[in-house]
Amino acid sequence: VAFNGLFVNDGFGLFMKTLVLLASSLAIIMSLGYIRHENMERFEYPVLIVLATLGMLVMISANDLMSLYLGIELQSLSLYIVASFKRDSEKATEAGLKYFVLGAFSSGFLLLGMAFIYGATGGSVALTDIAASNGQQDTLFSVGTLLVLIGFAFKVGAVPFHSWVPDVYQGAPVVAVGWMAVAVKASSLFCLCRFLLFTGGGNDLAQLLAAISVVTILLGNLAALNQQSLKRMMAYSGIAHTGYLLIPLVVALSGDGSSSAASIPFYMFAYAATTLAAFGVLAAISVGSDRDQVHDLDGLAKNRPLLALGFTVALLSLAGIPLTAGFIGKLLILSNAIQQGFLLLALVGIIGSLISVYYYLRPVVSMWFREPKSSFELVPASWGITFTVALCGFATICFGLFPDWLIDLSKRSVEAILG
């Protein structure tokens with residue numbers, strides 16, 4: 001604990017910060033050639049990523065409601081600008097504006113919820129003091145926790161607070177979207193885990209989270225089925241994966257904390273590797289053009305086999321196909337849910353995974369079994385994208401074949417906050 005209890009440095013925080021720092025580093029590496037060829041080469045871009053990353057690190061280490069809110073705002077203000085950084089694009093401007101307006105509403109919910117919790121616990125702002133207070137049975141505390149949950153639900157893109165996600169994914173720079181999809185989701189979800197596992201939420205909150213998880217999984221996967229835009233497909237895919245990540249949190253709040261919550265860090269690492277690889281490929285094919293449709297991938301394997309292979313590995317992992325990190329992550333989440341008696345949640349997760357196979361395989365079919373329609377020429381400075389796709393694709397396979405060490409680290413990190 002440091003700065004008079006404002007921040008805490010534990011295994012859970014170190015695990016999360018490692019993920020955020022890796023994602024941010026790869027995002028900057030990917031953007032080196034991309035922003036130049038997209039006429040976005042301004043010094044503010046990496047500075048904004050660093051500032052947002054700093055906000056995420058503050059969020060992750062926050063042991064106090066005020067330091068938590070400070071980190072959220074530092075992250076959010078930087079993200080609003082990054083989303084609209086391509087200022088000559090109408091879609092980017094629209095994405096930034098929507099993100100800003102809806103983000104301001106979510107920050108209002110968060111702050112109001114924190115104020116209610118402060119009042120219900122007799123003036124406590126430290127998470128440890130809130131957990132030890134007698135005010136958790138107060139109605140005001142329950143309302144405050146609900147408002148905080150709403151604020152975080154917006155940050156992670158959970159239904160019904162997901163409307164910003166497809167527009168931001170489509171309008172923001174592709175390399176920035178991959179980073180936002182990983183780092184923002186990881187930091188916000190881990191902060192929600194720390195807050196709820198520290199303060200407790202009871203069965204009522206667990207039931208509400210279960211309902212949000214079910215709706216998020218089903219809507220995300222169903223909405224992705226007919227998407228022709230690859231960015232929007234990945235957006236709804238990200239929404240569905242938020243639903244999967246809420247399942248172990250529901251199980252943990254209902255009693256079995258350690259083994260269930262331990263699947264969250266592993267799943268986030270697996271999701272980070274696959275998502276960065278996928279958006280690296282999207283950046284490679286879209287630089288200097290508007291390629292964003294599924295049919296734009298036709299014949300990619302014949303012209304750019306390594307890119308096609310990397311994208312295929314990422315999509316198969318997102319679908320939960322065996323021998324990939326995504327399969328192990330979903331296996332951990334669903335098996336823990338079944339063991340703890342949450343059969344309905346597990347069934348919805350399985351159904352969602354089956355639905356997702358269809359839209360994840362559509363780009364695979366286009367890349368490998370259709371004739372090419374374009375040359376897929378990459379810019380000369382695409383080494384950063386190539387490096388990121390190769391590294392993340394390799395990590396996806398390694399996490400799938402040798403997951404034990406990462407699972408063990410995940411369990412030990414969660415034990416740091418569960419005692």
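In this predicted model, the largest nonpolar core comprises 145 residues, and those making the most contacts inside it are Y99, W179 and L249. The element that gives the most to this core is helix 8, spanning residues 174–199, with 19 residues. A look at one of these well-connected residues helps to fill in the picture: L249 touches L192, C193, L196, L197, L209 and I264, leaving aside residues up to four places away in sequence.

A charged residue offers a rather different topic. R362 is found in helix 16, which covers residues 343–369. This arginine is buried yet has no salt bridge. The nearest side chain of opposite charge belongs to D298, and the separation is 9.7 Å, whereas a salt bridge requires the relevant nitrogen and oxygen atoms to lie within 4 Å. What does the side chain of R362 reach at 3.1 Å? The partner is a backbone atom, namely the oxygen of L225. L225 also appears among the residues that R362 touches, together with A224, N226, Q227, Q228 and V294, again not counting residues up to four places away in sequence.

Helix 4, made up of residues 90–120, holds V101. Is V101 buried, exposed or partly exposed? With a relative accessible area of 36%, V101 is partly exposed, because this class lies between the buried limit of under 20% and the exposed limit of over 50%. As for its placement relative to another part of the chain, V101 and Y80 are 21 residues apart in sequence, and their C-alpha atoms are separated by 9.5 Å.

Note on methods
Residues numbered from 1 in each chain as written. Predicted model: local features only at pLDDT ≥ 70, side-chain atom pairs only at ≥ 80, totals over all residues. Heavy atoms only, no water. Helix = DSSP H or I, 4+ residues; strand = E, 2+ residues; numbered from the N terminus. Buried < 20%, exposed > 50% of the residue type's maximum accessible area, 1.4 Å probe, protein only. Lys, Arg positive; Asp, Glu negative; His and termini not counted. Polar contact = N/O pair within 3.5 Å; in protein donor to acceptor, adjacent residues only side chain to side chain. Contact = heavy atoms within 4.5 Å. Core = buried A, V, L, I, M, F, W, Y, C linked by side-chain atoms within 4.5 Å.
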